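This report describes the pockets and the cysteines of the structure shown below.

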Amino acid sequence: MISCNWRRLTRQHRLKVFTGKVQLCDQLASALLNRASIDSHLFLRYHPPISQIAHYVISTRSEPHSYRPLSGQDIRLIQLLPGKGNDAIQCNINHVSLGDNVEYEALSYCWGDNRPEAEIYCDNGRLGVTKNLYSALCHLRHNDIRRTFWIDAICINQADIEERSSQVRMMKDIFQQSRQTVIWLGKESDDSNSALELLKSLAESSERAPQNGNHKSAWFRRLNNIPPLYNDVWRALSTLLQRPWFYRAWIVQEVSVSRHIQILCGTSIISWEDFIRAINYAVDLGIFFAHVTYQALTISGTRSQFLNGTRPALHNLLLQNRSFLASDARDKVFGLLSLANNNDVRLLGIEPDYHLSAEQVYKNLAVSLLHSRRDLDLFDAPRVLQNSKISSLPSWVPDWS
């Protein structure tokens with residue numbers, strides 16, 4: 001154990017303080033690096049005063065993480081190692097087959113700015129991640145046991161275009177076979193805890209609502225502990241629903257195919273069923289936050305379609321979910337393929353291929369729609385030129401970006 005090795009080091013080897021800077025001896029550095037992937041999390045937990053030393057050693061001495069190629073139906077899963085507080089985020093990456101019936105959770109979150117602003121340590125190697133993902137990992141790890149996740153930014157080699165295309169084709173199965181999907185909305189802010197409590201109250205109140213559909217009478221009688229509209233908690237709820245996750249294109253598929261879903265914001269948790277029950281009940285009471293409520297109801301509607309076995313034509317799905325956004329414009333199409341009618345998608349000949357530009361993807365789809373449908377429904381999607389991400393598209397091609 002590292003904790004024992006640390007005690008055996010002589011006092012002069014433990015730590016040198018010179019001109020106000022902390023320097024580590026080679027003996028300690030080697031000890032940490034040789035054992036980092038096995039039990040350095042124990043070292044970090046039982047020696048919190050020197051956790052920053054470990055972080056410094058691993059980050060300066062370890063190499064960047066190197067991915068091993070995937071084969072067949074293999075995916076990568078991470079084992080998120082225990083830790084707390086300022087402990088470094090560490091994980092092991094394993095290859096498994098989707099047919100192996102391995103238990104894991106899937107993470108649905110917003111990438112935000114794609115630039116890595118933090119580092120985690122995977123199998124002795126450094127891996128850059130976004131600030132939002134780093135925050136999610138800090139909240140998701142347990143203090144004493146490992147937790148197994150599929151997380152796209154870590155489990156897919158983003159630098160390998162062939163792998164990205166292949167893994168995107170499997171994402172429906174990845175989320176569908178997970179034990180549960182965890183939605184990470186972000187850290188606590190703007191009174192988000194109160195917003196989550198309001199959602200729980202609304203969900204509970206909906207269970208006791210009048211069966212005659214006259215929900216507004218309950219509202220005016222101030223039943224079920226629903227706060228008045230001038231209470232700031234409604235503003236907090238509106239702010240919560242404006243978080244970037246609700247506008248991300250990939251969440252439509254992730255939510256639609258998942259069996260069980262938990263929503264996590266900071267340390268507050270609510271189930272997907274209670275969340276949607278609360279939103280619907282708020283609408284019944286006459287509370288509608290314009291586009292933000294629309295986004296939540298659109299996701300819910302697409303999920304209901306999928307769970308009921310309805311597979312719309314791809315063009316209809318694109319129109320239905322056009323309000324969602326993607327940093328990569330191709331994902332507006334690729335993210336909905338698995339929810340569409342299989343025969344329609346096969347006839348159109350569209351599949352995830354990141355070798356193609358967004359302009360090529362959109363143009364190929366438009367041509368295929370015209371050939372296969374032989375109608376003018378393609379032009380149901382008006383162009384919004386001022387918001388376009390693809391200035392070179394022909395005028396007759398719908399811009400899904």
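## Pockets and cysteines

The largest pocket holds about 580 Å³ of space, in a model that is predicted. Its lining comprises 22 residues, and those nearest the pocket centre are Trp-111, Asn-114, Trp-250, Ser-327 and Asp-331. Helix α7, spanning residues 161–176, makes the greatest contribution to this lining, with three residues.

The second largest pocket has a volume of about 390 Å³. It is lined by 16 residues, of which Leu-337, Ser-338, Val-345, Ile-350 and Pro-352 lie closest to the centre. Two or more residues of this lining come from each of α7 and α16 (342–348). Helix α7 again heads the list, giving the most to the lining of the second largest pocket, with four residues.

The composition of the two linings by residue class is set out below.

| Pocket | Nonpolar | Polar | Charged |
|---|---|---|---|
| Largest pocket | twelve residues | four residues | six residues |
| Second largest pocket | eight residues | four residues | four residues |

The cysteines form a separate topic. Zero disulfides are found in a search of the whole structure. Why does Cys-155 not form a bond with the closest cysteine sulfur? The closest cysteine sulfur to that of Cys-155 belongs to Cys-91 and lies 8.2 Å away, which is too far for a bond, since a disulfide requires sulfur atoms within 2.5 Å. Cys-155 is also buried, with a relative accessibility of 0%. Cys-110 has a relative accessible area of 17% and is therefore buried, as the cut-off for that class is under 20%.

Notes:
Residues numbered from 1 in each chain as written. Predicted model: local features only at pLDDT ≥ 70, side-chain atom pairs only at ≥ 80, totals over all residues. Heavy atoms only, no water. 1 Å grid on protein atoms, 1.4 Å probe; cavity = no way out; pocket = protein on both sides within 12 Å on 5 of 7 lines; lining within 4 Å. Points joined across faces, edges and corners; volume = space filled by probe spheres on them. Nonpolar A, V, L, I, M, F, W, Y, C, P; charged D, E, K, R; others polar. Buried < 20%, exposed > 50% of the residue type's maximum accessible area, 1.4 Å probe, protein only.
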